[in-house]
Amino acid sequence: MMGTQDKGLTTKDVMRAYSNIFNTYDGQLVLADILSQLGYFSNQPESIKPECIAIANTILSRCGIMNSAGIGIYMEGLAYSIGIAAAGGAVKDTKEEDDDI
C-alpha cells in the first residue's frame, strides 16, 4: 500500500475514503468480518491479542468513530445498540459462549 505522502493525501482524505467504503452495506459486512478476524468481538482472554485490537482500533479511528477527542460517537452507537437489545430487538437469543458472566 502506498504511503499517504506519495500522492499528497491527508489524514482527512484517508478518513473520507474509509468512511465512503465502510458506510455501505457491503462495507459494513467487510468491516465486521475484519474486526471479527482481529478478535475485536472476542470475550475469551486467550483469543485476544493486543496488537490485533490496536489494528482494529486504528481502523475504527480512520472511520472517524474513535479519535483523540474521545470515544463519544462510539459510545453513542453502543448506547443505541443496548437500547435495541433491551427492547427485545436482538436478532438471536442464545446462550452466551462465556459462562463466567
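## A quick tour of the model

Averaged over the protein, pLDDT is 85, and 81% of the residues score at least 70. Keep in mind as you browse that this is a predicted model. Two features are worth a look here: the largest pocket, with about 450 Å³ of space, and the one salt bridge found in a search of the whole structure.

**Confidence by element**
- Helix H2 has the highest mean pLDDT among the elements of the protein, at 97.
- H4 has the lowest mean, at 91.

**The largest pocket**
- This pocket holds about 450 Å³ of space.
- Its lining is made of 17 residues, and those closest to the pocket centre are Leu31, Leu35, Leu60, Ile65 and Tyr74.
- Three helices each give two or more residues to the lining: H1 (11-22), H2 (25-37) and H4 (72-86).
- By residue type, the lining has 13 nonpolar residues and four polar ones, with no charged residues.

**The salt bridge**
- The partners are arginine 16 and aspartate 13, whose closest N and O atoms are 3.3 Å apart; that counts as a salt bridge because the cut-off is 4 Å.
- Both partners sit in helix H1, three residues apart, so about one helical turn separates arginine 16 from aspartate 13.
- Arginine 16 is partly exposed, with 42% relative accessibility.
- Aspartate 13 is also partly exposed, at a relative accessible area of 24%.

Notes: Residues are numbered from 1 along each chain as its sequence is written. This is a predicted model: local features need pLDDT of at least 70, side-chain atom pairs count only at pLDDT 80 or more; totals for chains, interfaces and linings use all residues. Side-chain values use heavy atoms; hydrogens and water are left out. On a 1 Å grid over the protein atoms alone, a cavity is a set of points where a 1.4 Å probe fits but cannot get out, and a pocket is an open set with protein on both sides within 12 Å along at least five of seven lines; lining residues have an atom within 4 Å of a point. Grid points are joined across faces, edges and corners, and a volume is the space filled by probe spheres set on the points. Helices (H or I, at least four residues) and strands (E, at least two) are DSSP runs, numbered from the N terminus. Ala, Val, Leu, Ile, Met, Phe, Trp, Tyr, Cys and Pro count as nonpolar, Asp, Glu, Lys and Arg as charged, and the others, Gly among them, as polar. pLDDT is the predictor's confidence in each residue, from 0 to 100. A salt bridge is a side-chain nitrogen of Lys or Arg within 4 Å of a carboxyl oxygen of Asp or Glu. Buried means under 20% relative accessible area, exposed over 50%, partly exposed in between (1.4 Å probe, protein chains only).
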